[in-house]
Amino acid sequence: HKIFTGDIATPTDTVVVKNIMRSVTEKFAKPVKKASPFSSLLLKELLEFYFSLPSYSKIDHSLTVMVAVMFCLMARFEEVSKLTTDCVKVLDSRDVEITFPSAKNYNFSNSKTSFSSFLSSCKIQHCRDFYKLCSF
């Protein structure tokens with residue numbers, strides 16, 4: 001094309017052609033396969049499996065507690081991994097207050113602080129276990 005037209009831009013370099021090509025590529029591309037969401041039933045199965053183990057390793061315990069905290073507090077892995085014992089405070093009511101040092105959506109109300117209420121009938125007190133795990 002350069003031999004015949006010289007320095008004139010090629011017709012396919014226009015914005016219109018680029019937008020059409022992008023549209024066609026997106027339309028006929030392989031569809032994205034979404035992962036199934038992590039539900040409370042999956043969490044229940046994980047906890048039941050964990051409690052059925054004859055002995056608990058620290059790795060199994062930390063992973064189970066981390067997943068439970070992430071699910072119950074709707075937190076991301078990055079947020080939970082930055083928690084320390086200073087971030088977890090057990091209140092007089094035996095509830096647990098967790099303050100995330102960094103939160104992605106901290107602009108909306110006060111999403112850096114979450115609470116987990118104490119229920120004596122629960123098999124796992126995920127936040128209290130997480131507090132114990134952080135103090136190792």
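A residue counts as exposed when its relative accessible area is over 50% and as buried when that area is under 20%, with partly exposed in between. That scale runs through the views below, which come from a predicted model.

**View 1. M74, just past the end of α4, sits out in the open.** M74 has a relative accessible area of 76%, so it is exposed. Look for this residue in the loop between α4 and α5 (77-81). Its backbone deserves a glance too: phi is near 50 degrees, a positive value in a residue that isn't glycine. Coming along the chain, you meet M74 after α4.

**View 2. Helix α4 has the length you'd expect.** With 15 residues at 1.5 Å a residue, α4 should span 21 Å, and its end C-alpha atoms are indeed 21 Å apart. Several of its residues are tucked away: T64, V65, M66, A68 and V69 are buried.

**View 3. The largest nonpolar core draws on α4 and β2.** Twelve residues make up this core: V65, M66, V69, L73, A75, V80, L83, C87, V88, V96, I98 and F100. Two elements, α4 (58-72) and β2 (96-99), each supply two or more of them. The top contributor is α4, with three residues. As a rule, nonpolar side chains in soluble globular proteins tend to be buried together.

**View 4. C87, one of the core residues, up close.** Skip the neighbours within four places in sequence, and C87 is in contact with E97, I98, T99 and P101. Of these partners, I98 also belongs to the largest nonpolar core, while E97 turns up again in a salt bridge with K89.

**View 5. K89 and E97 pair up.** The closest N and O atoms of this salt bridge are 3.7 Å apart. The two ends sit in rather unlike settings: K89 is partly exposed, at 45% relative accessible area, whereas E97 is buried, at 17%.

**View 6. R76 and E79 make another salt bridge.** Here the N to O distance is 3.3 Å. R76 counts as partly exposed, with 32% relative accessibility. E79 is buried, and its relative accessible area is just 7%.

**View 7. E48 and K44 meet along helix α3.** Their side chains form a salt bridge at 4.0 Å, N to O. The two residues are four apart in α3, so about one helical turn separates them. An α-helix has 3.6 residues a turn, so residues three or four places apart point the same way. Both partners are partly exposed: E48 has a relative accessible area of 42%, and K44 has 48%. With this pair, the structure's salt bridges come to three.

**View 8. A nonpolar patch shows on the surface.** V16, I20, V24 and F28 together make a patch of about 420 Å². F28 lies in the loop between α2 (15-27) and α3 (40-52). With a relative accessible area of 66%, F28 is exposed.

**View 9. Zooming back out to the whole chain.** The protein has six helices and three strands, arranged along the sequence as α-α-α-α-α-β-β-β-α. Of its 136 residues, 22% are buried. About 10600 Å² is exposed, and carbon and sulfur atoms supply 61% of that. Among contacts with a separation of 6 or more, 43% link residues 24 or more positions apart.

Key: Residues numbered from 1 in each chain as written. Predicted model: local features only at pLDDT ≥ 70, side-chain atom pairs only at ≥ 80, totals over all residues. Heavy atoms only, no water. Core = buried A, V, L, I, M, F, W, Y, C linked by side-chain atoms within 4.5 Å. Buried < 20%, exposed > 50% of the residue type's maximum accessible area, 1.4 Å probe, protein only. Contact = heavy atoms within 4.5 Å. Patch = residues over 30% accessible without salt bridge, like charges linked within 9 Å, V, L, I, M, F, W, Y side chains within 5 Å. Areas by Shrake-Rupley, 256 points an atom, 1.4 Å probe, with all protein chains shown as cover. Expected span 1.5 Å × (residues − 1).
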